[in-house]
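Subject: Handover of a protein model

Dear colleague,

Please find below the sequence and the structure that I should like to hand over to you. I would ask you to keep the structure open while you read the notes that come after it.

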Amino acid sequence: MLIHAATDVDIHPPVFGGAQRCFGLYRGLARRHAVRVLCMVPHRSPGAPEERIDGVDIVRRKAWFTTLAWRLEQARLAPLFLAERGHRARAVAALRDLPG
């Protein structure tokens, strides 16, 4: 079975509890299934665009709008959930990044 997942953080290497939990769950699923995870990462993320770690295929796509939304929120000009609109606008392209 092919399992697709999507997250708005880079899950490897995990730098906080949420990413560690996600990677642990996907790694557990990868023991018996094919797992492909789309990580929407900030534009400054140094990770490779695609890699396989512990049976989990990780696809990283940089999202410039997350950085913009964060900066606007820090300046108290717009709420952070503005990033959701960017994710929604890119949904069709994100589906193409997860073939299968």
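The notes below go from the whole chain to its sheet, its helices, its largest pocket and a few single residues.

**The chain as a whole**

Please bear in mind from the outset that this is a predicted model. The protein chain contains four helices and four strands. Following the sequence, these elements come in the pattern β-α-β-β-β-α-α-α. The C-alpha trace spans about 45 × 30 × 20 Å along its principal axes. Of the 100 residues in the chain, 34% are buried. If one takes the contacts between residues at least 6 apart in sequence, 49% of them join residues at least 24 apart.

**The sheet**

In what order do the four strands lie in the sheet? The order is β1-β2-β4-β3, in an open sheet with mixed pairing. Because β1 (2–7) and β3 (50–53) have a single partner strand each, they stand at the edges, and one side of each is left without a neighbour in the sheet. On average, neighbouring strands are turned by 25° against each other, if direction is ignored.

Helix α1, which covers residues 17–29, packs on this sheet and touches β1, β2, β3 and β4. The direction of α1 makes about 140° with that of β4.

Strand β2 deserves a closer look. It runs from residue 34 to residue 42 and is parallel to β4 (residues 56–63), to which eight bridges join it. One position to look up in the display is M40, which stands opposite R61 in β4. Strand β2 also runs parallel to β1, and six bridges join these two strands. Here A6 has L38 of β2 as its bridge partner. Is β2 mostly covered or mostly uncovered? It is mostly covered, since seven of its nine residues are buried, that is, under 20% relative accessible area.

**Helix α2**

Helix α2 comprises residues 64–74. Its buried residues are F65, T66, T67 and A69. What do these buried residues pack against? They pack against β2, β4 and α3. When you inspect the helix, a general point may be useful: an α-helix has 3.6 residues a turn, so residues three or four places apart point the same way.

**The largest pocket**

Rolling a probe the size of a water molecule over the atoms shows where empty space is left. The largest pocket has a volume of about 370 Å³. Its lining consists of 18 residues, and those nearest its centre are D8, P42, T66, W70 and L80. T66 thus appears twice in these notes, as a buried residue of α2 and as part of this lining.

Which elements supply at least two residues of the lining each? They are β2, α2 and α3 (82–89). The largest share, four residues, comes from α2. By character, the lining divides into 10 nonpolar, three polar and five charged residues.

**Residues in the loops**

Four loop residues may be worth finding in the display.

- S45 is found in the loop between β2 and β3. It is buried, with a relative accessible area of 10%. Apart from its neighbours within four places in sequence, S45 is in contact with D10 and K62.
- P13 has its place in the loop between β1 and α1. The peptide bond that leads from H12 to P13 is cis, with omega near -5°.
- D54 lies in the loop between β3 and β4. Its phi is positive, near 50°, although the residue is not glycine. D54 is partly exposed, with a relative accessible area of 48%.
- R76 follows α2 and belongs to the loop between α2 and α3. Its phi is also positive, near 60°, in a residue other than glycine. R76 is exposed, with a relative accessible area of 78%.

Why are these backbone values noted? Most residues other than glycine have a negative phi, and most peptide bonds are trans. The positive phi values of D54 and R76 and the cis bond from H12 to P13 are therefore departures from what is found in most cases.

With kind regards

How values were computed
Residues numbered from 1 in each chain as written. Predicted model: local features only at pLDDT ≥ 70, side-chain atom pairs only at ≥ 80, totals over all residues. Heavy atoms only, no water. Pairing = 2+ DSSP bridges. Axes fitted to C-alpha atoms, helices over the stretch in contact; angles between N-to-C directions. Contact = heavy atoms within 4.5 Å. Buried < 20%, exposed > 50% of the residue type's maximum accessible area, 1.4 Å probe, protein only. 1 Å grid on protein atoms, 1.4 Å probe; cavity = no way out; pocket = protein on both sides within 12 Å on 5 of 7 lines; lining within 4 Å. Points joined across faces, edges and corners; volume = space filled by probe spheres on them. Nonpolar A, V, L, I, M, F, W, Y, C, P; charged D, E, K, R; others polar.
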